[in-house]
Amino acid sequence: MTVSEHELAPPSRRGRGPSHLGTVVMKFGGTSVGDPERIKRVARQLVAARQAGARVVGVVSAMGHTTDELIGLAHEVAAHPDPRELDMLLSTGERIACALVAMAARDLGHEAISLTGSQAGIITDSVHTKAKIVEVRAARIHAALDREQIVLVAGFQGMSATRDITTLGRGGSDTTAVALATALGADACEIYTDVAGVFTADPRVVPAARKLAAVTFEEMLELAAAGARVLQLRSVEFARNHGVRLHVRSTFGGEPGTWVTEEDERVEHAIISAVTHTVEEAVYRVQGSTADVLFPALADAHVNVDTIIQTSADVIVFSAPLEDRGATAGVLDELGASWSERDDLGKVSIVGAGMKSHPGIAARTFTTLHELRIEPQFISTSPIKIAFYVPHGEVERAVQALHATFELGTGTEVRHG
Ligand code: ADP
Ligand code: ASP
Ligand code: MG
């Protein structure tokens, strides 16, 4: 098996407080550490980066589908698993993976140490299963790096003020990586995954999708919020707020991936960057409550409300993640509202910074859907996004047709920088 040499990221042009020359955070997703061979491969990549002179922090996800399996197991023993205990359970997936990678790196003759999220100093709030990082106490990582060790940190987890183990929500290892890159003043945060970067659509749904050389934080935030999955939304927010340079790239090939950057350095702006979709949301129709009562109550229950549409004076329609279903139902019942839920709709979003200055995107979108005889529902927009819901069975057809309409597969790839 060939191992791609690690090239160090070019130095940042932005000042970000104290920085340690040549620190790199490399995050590997579940597929990338899916079996022993892949774990050894990741270890070789970390060692190559260390040999190139960098101070190396590796963040790993749980192997393969471990997290899904652990969630399944929890539901076999309890109808409503206790969130604190669920976090104890889920955090083990990432611990297994990072200990194995550390062992493999040591086997290659390099000093390496694995740390749980709490050992790495990742302090969170106490919202189990979707905790937010509030502080990183990086002294132990710095000490290990000073001893020239490769430091492996278990992604997706931290510890609350009450010393309880917390997890950061699905895809949370991305956020661990960005938080560590911020705390360590790293030159770049490299997100190694099972696709070659951020594409113009999910490459599993649109084979003609094209890898983007660069996307702006603004676009990436919309893409992640719209379900692009390749980066957890919170990791993008964190990176933007702290000026972390993010590079999304393949674990399995050495070519450059996609840079997520603040200032848009592309010579040419694509009008539309990507079409993305999600089938992980439920849409609620509520009567008998008002927005000023409903949304604070949902926020108190930590429900991440997405689209909100007030259809008439007394009807509110909103969407929220499927995983927040129980909490949403609890709030609606408690308010005494009359409500119904649909889980048969998927959301399709068209995102592009160039939309601001190019009229006619909505017209082309809805003409395309009309030709497919697809009726969009609950349309919402932002300055750089048009989103709508369609039945699950129509989602992929809509994504593929819109990708073709806007000729996203054939655009000239414009290089970053
Ligand atoms: P990891 O385990 O490495 O964190 P994820 O499964 O969380 O990987 O995210 C990568 C997946 O995101 C890809 O396999 C791909 O199917 C999906 N994806 C959805 N939309 C996009 C997009 N626009 N560009 C790239 N990948 C996307
Ligand atoms: N293992 C967690 C998940 O599957 C976290 C991650 O992969 O980032 O969501
Ligand atoms: Mg992920």
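**Close-up 1. Classes of the residues around ligand 1 in a predicted model.** By class, seven nonpolar, four polar and five charged residues form the shell around ligand 1. Ala, Val, Leu, Ile, Met, Phe, Trp, Tyr, Cys and Pro count as nonpolar, Asp, Glu, Lys and Arg as charged, and the others, Gly among them, as polar. Of these 16 residues, Thr 193, Asp 194, Asp 202, Arg 204 and Ala 228 come nearest; a residue is near a molecule or strand if one of its heavy atoms lies within 4 Å of it.

**Close-up 2. Polar contacts of ligand 1 with Lys 27, Gly 30 and Thr 193.** A polar contact is a pair of N or O atoms within 3.5 Å; within protein, one must be able to donate a hydrogen and the other to accept it, and residues adjacent in sequence count only if both atoms are side-chain atoms. Oxygen atoms of ligand 1 lie 3.0 Å from a polar side-chain atom of Lys 27 and 3.1 Å from a backbone N or O atom of Gly 30. For an N or O atom in the side chain of Thr 193, the distance to an oxygen atom of ligand 1 is 2.6 Å. Ligand 1 taken alone exposes 580 Å², of which the protein buries 91% (Shrake-Rupley method, 1.4 Å probe; for residues, only the protein chains shown count as cover).

**Close-up 3. Surroundings of ligand 2.** Ser 61, Thr 67, Glu 94, Phe 156, Arg 170, Gly 171, Gly 172 and Ser 173 are the residues around ligand 2. A polar side-chain atom of Arg 170 is 2.7 Å from an oxygen atom of the ligand. Backbone contacts to ligand 2 oxygen atoms come from Gly 171, at 2.9 Å, and from Gly 172, at 3.3 Å. On its own, ligand 2 has 270 Å² of accessible area, and the protein covers 86% of it.

**Close-up 4. Helix H3 and its ends.** Helices (H or I, at least four residues) and strands (E, at least two) are DSSP runs, numbered from the N terminus. At the N-terminal end of H3, Asp 82 acts as a cap, with a side-chain oxygen 3.2 Å from the backbone nitrogen of Arg 84. Gly 109, just after H3, has a positive phi of about 95°. Buried residues of H3 include Glu 94 and Cys 98 (buried, under 20% relative accessible area; exposed, over 50%; partly exposed, in between; 1.4 Å probe, protein chains only).

**Notes.** Residues are numbered from 1 along each chain as its sequence is written, with chains lettered from A and ligands numbered from 1 in the order in which they are written. In this predicted model, local features need pLDDT of at least 70 and side-chain atom pairs count only at pLDDT 80 or more, while totals for chains, interfaces and linings use all residues; side-chain values use heavy atoms, with hydrogens and water left out.
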